[in-house]
Amino acid sequence: MDEAAQNLAEARQRAEVLRGELERHNRLYYVEARPEISDREFDRLMRELQDLEAAHPELAAPDSPTRRVGGAPIEGFQPVKHAVPMMSLDNTYSLEEIREFDARVRKALGGGAVEYVIEPKVDGVSISLRYEQGVLKVAATRGDGKTGDDITANARTIRSIPLRIPTVAPVLEVRGEAYLGKAAFEKLNRERGKAGEPLFANPRNATAGSLKQLDPKVVAARPLSAVLYAVGALEGVEFETQADVLRGLQKLGFPVAKLWWECRGIEEVIARAQELQRREDECDYEMDGAVVKVNRLVLWRQLGTTAKAPRFAMAYKYSHEQAQTVLKAITLQVGRTGVLTPVAELEPVELAGSTISRATLHNEDEIRRKDIRVGDTVVIEKAGEVIPAVVEVVADKRPRGARPFDLRAHAGGMCPECGGEIVRDPQAAAWRCENMNCPAQIRGRIEHFASRGAMNIDGFGEAIIEALSSETQVVDATDDGLFGKTRVEKVLPPVVHDVADLYALTPEMIELRRPNRAATAKKAEMKLAGKLCAAIAVSKNNELWRLIHGLGIPNVGEGLARTLALELGSLDALMAADAEVLAKVRDVGEIVAQSIVEFFDNKRNLAVIEKLRIAGVRFNRVERVAAGASRDGFFFGKRVVITGTLQKFTREQAQEELRKRGAAVAETVGKTTHLLIAGAEAGSKLEKAQKLRIPVLDEAEFLRRLE
Ligand code: AMP
Ligand code: ZN
């Protein structure tokens, strides 16, 4: 064998080992929630495989874990015919009807008590995964039940879906739901809000939207998961009961529901259905109810199906807390990118223990789809901790003359903040104020720049930003010693037009405009203003990722800002990077690369950046924190959640300390959490951690461990 062939053979062997290991660790992490190696170690193995595949393109394989980061964009979705149709389910909100379902089943089978399985009805997007000889070949959506869309490239990016399973069965189709976890959904929407992109109405929409992305890299950046609960076409495998299906899938490495039960008789089913609803919060996916299925699969054939739904299963749906109230008005909020977000102004109403007077309407398309009109009586819903949303209109309470909502007309064709022209952004399905000088946008940009996840300028809130960025009317009392006190009203011009102007502020400029300032306040004191200026000055020395995030580049959230800072090392390098260079960065797809390039092509943005440079803002401070962390450190490789109030640290500082030590800081407590740090007044997270028996550190112990 010549040297090249020898090399290739070795590379092939190593690639196989790496693929096996990566898939195993992937399963341990995403499916079984008991990782054996640190995220860094995992990344290292992945890098090695990526490098091997890059050096030997002939080794590339569609089932390689490297595909999980998303391949090349695709043109469109090919239709896939389902060998076994994907059916919908009959459903009910009433337990009485569940009993009637049981009566029908027993009658058809002519016997006594029937065995059932009850499991969560996962509110995601149905998918079907076809494995041939154990390799994931095709992933498809349900579509109309007979034909779906081929979403294989996107499904591969879902970490909990195995690319290979330990079976030689010629065909095994596995079905279930893809979903976006609750915490991930909140985070995604928060980031979209900050980036001025329209919000997703709920996790299911976000999931559906993600799976239909043409750029798998965008999908890879969204932490989708899946739960599997059924099989379709089968060759060389057989199951006897639904319980066998669930156990069998779990054994093959698929994520299955954590809570499900085999029940004898319908009363046991009903008891479990209620238990499931009580324990809904233990699952990271949204549940819209429970599904009851006859356990024995031979009986399925006996019972058969109607045109739409099987006769052997039924969904019992949960209702969420809802209330009715009148939609008094729809206001439009202008975000920092100019996107106009409609907000429902409601007749105040009690809902789930609090008074609600505003609710989210998401976007114009959503309002039209639900045909929500001003004056309507609407149903608002609050499910769990999410922001209340308008779910539907009570049609027969519509006042006469209510007009369909038209955002453009509603706004009179102009931005409610600046009167500038608004245009429809076809990509984002949103209306946008085009005026770069729009005060709402200026405020939004500055708020974002100063926010905790960006430059983290302490004490720089909405009110002071508003006062600095617009004309302010102030009352000044002067005492000239001759005529006594006189009150002078003045209008001061705005002093902050862009984020760089912050660095030119003096305590005096701030003090004069400070909201709630007493007319008699002595300028000489200026304590608050002095503090703010100090906080601004401190931010000059921030780490680069904070600056990158703070600039507000479309599609660049905090996570990506960190990656860009680490990989490029300076703002100048980022500015100089073309699409080709950017595409090599982890998590950067074509769309993101393009928006970065466009941002730095904009003269105005460049001018602001030069002002920042002159002001002395550092452009290159990159702390390779995790890299310097000691592997033997207590926090290294742990997933840590912080809750409650800490005395010695802000939340941000505590997170930084943890990250420096190689810990991953998460928002919500789950089975994969290693440690909870609980400050004063810790609430539900602490309870949850105790329930899950996760170790808890109080602040004193946390401090000790840091040292
Ligand atoms: P529907 O779309 O409301 O008719 O409900 C039927 C859909 O519920 C199915 O197509 C599945 O996508 C979904 N579903 C969610 N969880 C389950 C489950 N555990 N068993 C069966 N179907 C489920
Ligand atoms: Zn405007």
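## Charges and conventions

Lys and Arg count here as positive and Asp and Glu as negative, while His and the chain ends are left uncounted. Each charge is placed at NZ of Lys, CZ of Arg, CG of Asp or CD of Glu. On that basis, the mean positions of the 102 positive and 104 negative charges of the chain lie 2 Å apart.

A quick word on conventions: this is a predicted model, in which local features need pLDDT of at least 70 and side-chain atom pairs count only at pLDDT 80 or more, whereas totals for chains, interfaces and linings use all residues. Residues are numbered from 1 along each chain as its sequence is written, chains are lettered from A and ligands numbered from 1 in the order in which they are written, and side-chain values use heavy atoms, with hydrogens and water left out.

## The chain as a whole

Along the principal axes, the C-alpha atoms fill a box of roughly 105 × 80 × 50 Å. Of the 707 residues, 49% are buried (under 20% relative accessible area, 1.4 Å probe, protein chains only).

## A look at R279

Let's zoom in on R279, which sits in the loop between α9 (266–278) and β10 (287–294); helices (H or I, at least four residues) and strands (E, at least two) are DSSP runs, numbered from the N terminus. With 28% relative accessibility, R279 is partly exposed (between 20% and 50%).

The R279 side chain makes polar contacts with the side chains of E275 at 2.7 Å and E282 at 2.8 Å. Such a contact is a pair of N or O atoms within 3.5 Å; within protein, one must be able to donate a hydrogen and the other to accept it, and residues adjacent in sequence count only if both atoms are side-chain atoms.
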